[in-house]
Amino acid sequence: MILQFFTSLALLGLTGLLVGFVLARKTGGGHDPVSREWLRREASLSRQYRGLFENATDAIIICEPESGIILDCNRKSCEMYDWDRSSLVGSNMTMLIRDHGRYEEETRRVRETEGCSEFCYTHLHKDRHPIKVLVRLAVVEYANQKAVLTSHRDVTQQTELTERLQRRDAILQAVSFAAEKLLSGGDWEASIQSVLERLGQSISVSRAYIFESHPGDGGELLASQRHEWAAPGIAPQIQNKQLQNFSWERNHLKSWMEELQQDKVVQAVVSSLLEPARGHLEGQDIKTLIVVPIFVSNKWWGFIGFDDCLGARQWSSVETEALRAAARTIGAALHRRQSDENLRKADELVKAVVEASPEAITALDAEGVVRMWNPGAERLFGWTAPEVLGGPLPYVPPEERERHQSLVARTANGEQLSNVELCRRRKDGQQVEFQLSTARMLDAEGNVVAYLGVMNDISERKRAEERLRCYTAELEEARDLQEQKTQELTTALEELSVAKGRAEAASRAKGEFLTNMSHEIRTPLNGILGMSELLLETPLSAEQSGFLAMLKASTETLLALVNDILDFSKLENQKIALETIEFKLPEALGDALKSLSNRASLKGLKLACSVAPEVPEYLIGDPGRLRQIILNLVGNAIKFTEKGEVEVRVEADSRSEGHAGLHFTVRDTGIGIAPGKQQAIFGAFEQADSSTTRRYGGTGLGLAITSHLVKLMGGRIWVESSLGQGSRFHFTLRLGLGRNPDGSFSAESAHRHLLQEERGKLRVLLAEDDPVNQALVARLLEKRGHTVEVVEDGKKALDAVGTPPDTPYDLLMMEMHMPGMNGEECVARIRARERGSDTRIPIIALTAPARNEDPERFLALGMDGYLAKPVRAEQLLATIDGLLPLPIGSAGENSRDLENHPSEPPGREASR
Ligand code: ADP
């Protein structure tokens, strides 16, 4: 290029000279051969130079110095400015120039100095578009006059390239400025402002700004302007409310947001946009804009944007890439700012924790100088932070320095000391005990920068431990003592247990003895009684009948005594199990009173019974034992009353779900009981006075048994009495509620009813292996008009009963313990045969009481009743009647009364 330039310049000179020379020769020339030759050569040279002039690569224009009128021009001139030669020659140079000033000035200077000048200038194409031109001016001789030769070289492209490079350099410098400014960590607001200014200036825009993306209330992503720089003369938009919480969606610019999210640069010429985006941007005078996304930690954060308010503009790739680099730098700076902020918050947190910590926290630097001393340390040691910071640890006395150093050294070696117990003096001289834990802090190179110590006061704990040690010692002493006592107690208990075992064994032996004895006594007594009854029915003299009656009465008394002793013994040994069956209270009362009514009427006493209407009729419990209690109390009342009446009253006491509490009162108008004896009479063998046995008989066991039974049945018994005024024996019972309210009868009752209908003459099968019992029971039954057939074992009984419905008997009485097939098996087979038929023969079990059979078990086996041997006439008939209860009549409005009925002979009997 430079070479071309000088060639042109030389050519210019030569052309000038040539023209001058040719013109000079013409003016003074002759026509001699030399001259002609010279002229020919001259002409040839002139053509050559003309050729050079015409074909020069630069445009060459020769014009008049004063007027600027173009005298000549070469082909390149015509090409460069698109004028033909005829248009150019004769025209003024100014047609090619936009601004004349500088041009005229340079021309004058060249003219005056006769030198040459070179400068860049903007010329105009024929179509008026500007052309950057490197102009050279020189004064030359042209047609015998001074002329200005101008050489023009089109440097438009070269200039543009240079400008582009300069702009790129400026942008890159702005980008590196941004990196330096933003990452140096100075004032963020000021830094970002200067960066925007520098970037904006480097790419010659009207505004540069940063928007942050954030979610709005409805979750939609919005954008808000955070920073802005505006070029002089351009209206800033930082106060523009529309640029806060800017909705991409409402402005139909969602696609821009999506592109930015995908890390794409958005460029737009505003005039080509659609409404409402266009109106929105034109409102800010924007003609062109470019928006570059900012990402922070790979997450879209927002964008940096640049507005050009002057004209439509194309953004070069250099600009775009530079702006991307700037956006990345801003993203990195934001990330660092966020991290710094997090770090600052973490620092503040740590500081707050250290300040608030109840423990003493200290830090020493590598030289052992105190750098941290928190309020906990102030509390523990008494020195304040200002007193300690910058100096050595104040609480290490000279004698402890070595130990202290060794602890520091261990920590320096990486050991984390944990709960090392130390004792030091506080500022006020008091001793303080504490636990120390340490850690070292290293810098990036691994050098120790600090030793951290955490201490907590254990003085109180130590004191407590000491107290605990004392207590423990005392406790151990007490424990030893206690152990000794326990040992003694254990020995005593063992002895007691042995004694108890012995006592229990003795009691058992006594019980068994009593049971066996009573059984052994009852068997012959029963024989005597049975035979006396049979004998009484044979023809006898009056005297014999009298003796026999006395014999029978004495035997009955003896039997009652034996029964009482047996009962009492069982109750004491808790061998009595209560039945839990449904029964009808009036019937149970009727049964008991019926057997006593005769005795009452013999003494001329009125015997009354009333049951309050609210008393449930059907109850669940042990009716036999209830009968026994009534028999006992009413029997006593009759015995100890000479005239007047005996009354039994039943009232409802309470009622809870499934249970009824009953209150029984047995009132008499007899001799009464002295207050001092009212408690004692409930004990065994206790009587109100010593003459009682003589006058009234009895053993003193009845009330003891009654009171046991009442307790067993969940009640209590007491007496109200005064001598000569009669007595009131009260007892309460807690019984289950029976019977559904519709009053339907159970199958068992229905069966009894049937039996009762037909009981005029029962066909009874007696299965019994003992001949005495066979004879006794058969005789008793036959005496009542029943027919009896006897078999001696279960097998025969089974055969005799036959197959339902052809059973020839109304009742089966069966000894349970027979040789061969026993009663249990026999009953099971009979019931098995009956299954599926309407027939069910009633069965009464016979067994010896000494065996302690469980009546519940018999019922479960399919029996209907139970009779303990020896069988007494009354018991036998009562049991059969028990299956066929007598109805109780009702009297009065509010009660069910039972007046005395003629009945069996007197005598207290247990019902079983
Ligand atoms: P027993 O009647 O066989 O002597 P109990 O235990 O039944 O034995 O009665 C104990 C004593 O209580 C009786 O001996 C009698 O002195 C006194 N006693 C019991 N019931 C009455 C009563 N209704 N009236 C007066 N005294 C009674």
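Modeller: Before we look at single residues, let us fix one term: a residue is buried when its relative accessible area is under 20%, exposed when it is over 50%, and partly exposed in between. Please keep in mind as well that this is a predicted model.

Biologist: Why is cysteine 609 called buried?

Modeller: The relative accessibility of cysteine 609 is 3%, and the cut-off for buried is under 20%, so cysteine 609 counts as buried.

Biologist: Why does cysteine 120 get the label partly exposed?

Modeller: Cysteine 120 has a relative accessibility of 44%; because partly exposed covers the range between the 20% limit for buried and the 50% limit for exposed, cysteine 120 counts as partly exposed.

Biologist: How many disulfides does the model have, and what rule decides this?

Modeller: A disulfide is a pair of cysteine sulfur atoms within 2.5 Å, and by this rule the count is zero.

Biologist: What makes lysine 869 buried, and where does this residue lie?

Modeller: Lysine 869 is in the loop between β28 (865-868) and α25 (873-883). Its relative accessible area is 12%, and buried means under 20%, so lysine 869 is buried. Threonine 523 is 346 residues away from lysine 869 in sequence, yet the C-alpha atoms of the two are 8.0 Å apart in space.

Biologist: How do you know that valine 666 is buried, and what does this residue touch?

Modeller: Valine 666, in strand β21 (residues 659-668), has a relative accessibility of 0% and therefore counts as buried. Leaving aside residues up to four places away in sequence, valine 666 touches Leu633, Val634, Ala637, Glu647, Val648, Ser727, Arg728 and Phe729. Arginine 649 is 17 residues from valine 666 along the chain, and their C-alpha atoms are separated by 6.6 Å.

Biologist: Now to asparagine 632: what makes its pairing with glycine 702 a polar contact?

Modeller: A polar atom of the side chain of asparagine 632 lies 2.5 Å from the backbone oxygen of glycine 702, and a polar contact requires N or O atoms within 3.5 Å, so the distance meets the cut-off. Asparagine 632 is in helix α17, and at 6% relative accessibility asparagine 632 counts as buried.

Biologist: Which atoms of the protein make polar contacts with the oxygen atoms of the ligand?

Modeller: An N or O atom in the side chain of lysine 639 is 3.1 Å from an oxygen atom of the ligand. For glycine 700 a backbone N or O atom is 3.1 Å from a ligand oxygen, while a polar backbone atom of leucine 703 is 2.8 Å from one. Each of these distances can be set against the limit of 3.5 Å. Taken alone the ligand exposes 520 Å², of which the protein buries 99%.

Biologist: What makes up the shell around the ligand?

Modeller: The shell has nine nonpolar, 10 polar and three charged residues. Of the 22 residues around the ligand, Asn636, Gln687, Ala688, Thr699 and Leu703 come nearest. At least two shell residues come from each of α17 (623-639), α19 (702-712) and β23 (726-737), and α17 gives the largest share, four residues.

Biologist: What is notable about the backbone at aspartate 285 and asparagine 298?

Modeller: Most residues other than glycine have a negative phi. Aspartate 285, however, has a positive phi near 65 degrees, and asparagine 298 has a positive phi of about 65 degrees although it is not a glycine.

Biologist: Why is asparagine 298 called exposed, and why is aspartate 285 called partly exposed?

Modeller: Asparagine 298, in the loop between β10 and β11 (299-308), has a relative accessible area of 77%, and exposed means over 50%, so asparagine 298 is exposed. Aspartate 285, in the loop between α9 and β10 (288-296), has 46% and is therefore partly exposed.

Biologist: What kind of peptide bond joins glutamate 275 and proline 276?

Modeller: That bond is cis, with omega about 0 degrees, whereas most peptide bonds are trans. Proline 276 is in the loop between β9 (266-269) and α9 (277-282).

Technical notes:
Residues numbered from 1 in each chain as written. Predicted model: local features only at pLDDT ≥ 70, side-chain atom pairs only at ≥ 80, totals over all residues. Heavy atoms only, no water. Buried < 20%, exposed > 50% of the residue type's maximum accessible area, 1.4 Å probe, protein only. Near = heavy atom within 4 Å. Polar contact = N/O pair within 3.5 Å; in protein donor to acceptor, adjacent residues only side chain to side chain. Areas by Shrake-Rupley, 256 points an atom, 1.4 Å probe, with all protein chains shown as cover. Nonpolar A, V, L, I, M, F, W, Y, C, P; charged D, E, K, R; others polar. Contact = heavy atoms within 4.5 Å.
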